[in-house]
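Visitor: Could you take me through one part of this model up close? I'd like to know how its residues are placed and what sits around them.

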Amino acid sequence: MSLVIWAEGRLVGQGEAALSAVDHGITVGDGVFETCTIFDGRAFALTRHLRRLARSATGLGLAAPDEQKVRDGVAAALAEAVRLDGAFDGRLRITVTAGVGPLGSGRVDAPQTVVVAAQQSAMAPTSRSARSPWPRNERSAVAGLKTTSYAENVVALADAVGKGGDESILPNTVGDLCEGTGSNVFVERDGELVTPTLDSGCLAGITRALTLEWAAEEGLPVREAKEGELPFTVLDEVSQGRAQLALTSSGRNVQPVVWLDGADVEVGEMTRAARELFERNCRERLDP
């Protein structure tokens, strides 16, 4: 299970220095990233991921990354990974930072740093989730951006793991359901799947968007929530067996939650249907 890393135009070993010790992505987390699913040695939905990478960068006040440079890195990393392991399923991460900078938060005009890493991995079929004691700030300067400043997510996920879970579900500051640390959330009740709107502060997930689009094509009842429809307390209904829960992300696709805060949760009919639809389409429509 090789880990292939492409950094700034060359392949590097896992233990080999690839970035400056004062790269702003290291010192203050000044960067953005994307994680793509790899199917049969190819990156899924790469065009959408690159568009979001550019949106996150400009939202952070950085220039949009050089798309051709990023694509070249993706191609080089995947080619090397396939050479080592053959056509494989896994994950690919693209990271772009502000480049070498000062030790504080201020920026200088420096070339961006681009790193691409690829590795074989398997998707877990289900999730065990726990409610987070900390909210997502939907009014944050970086709300909805996929930045490398991930400390809040690290702490929240560690809390969930300590409770026996593998994902933490967060509210926002007004008490509405928001997202997981690395996933979007769908609630199944009354025969439909409903996900928080982007106004909740959640990330505009690629898998979330495709689930909504493909479900609409198929006529499945999957939609965004109306205002106030998904308070965080809706998770009480899940724990009590009156609703179900699903997560979506690269690396999860549509993943049923089977355990929430110590309570077993059944997999809903619409969750199964959405999962089957996504699994079928994602390999047939590689760059939707």
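Guide: On one side of helix α4, A151, V154 and G162 are exposed. Keep in mind that we're looking at a predicted model here. The other side is where the buried residues come in: N153, A156 and A160 are the ones in α4 that count as buried. Those three share a side of the helix because they cover an arc of only 70° around its axis. So what sits over them? Part of the cover for the buried residues of α4 comes from strands, including β7 (127-131) and β8 (167-171).

Now the helix as a whole. α4 runs over residues 151-162, 12 residues in all. From its first C-alpha to its last it reaches 17 Å, close to the 16 Å you'd expect at 1.5 Å a residue. Just past the end of α4, have a look at G164, which takes a positive phi of about 100°.

While you've got the model open, there's another buried spot to check, this time in a strand. S249 belongs to β13, which spans residues 244-249. Its relative accessibility is 10%, and buried means under 20%, so S249 counts as buried. Which residues does S249 touch, leaving aside its neighbours within four places in sequence? They're G182, S183 and T207. Take T207 from that set: T207 and S249 are 42 residues apart along the chain, yet their C-alpha atoms are separated by 5.2 Å.

Terms used
Residues are numbered from 1 along each chain as its sequence is written. This is a predicted model: local features need pLDDT of at least 70, side-chain atom pairs count only at pLDDT 80 or more; totals for chains, interfaces and linings use all residues. Side-chain values use heavy atoms; hydrogens and water are left out. Helices (H or I, at least four residues) and strands (E, at least two) are DSSP runs, numbered from the N terminus. Buried means under 20% relative accessible area, exposed over 50%, partly exposed in between (1.4 Å probe, protein chains only). Contact means heavy atoms within 4.5 Å. The expected span of a helix is 1.5 Å times one less than its number of residues. The arc is that of the directions from the helix axis to the C-beta atoms.
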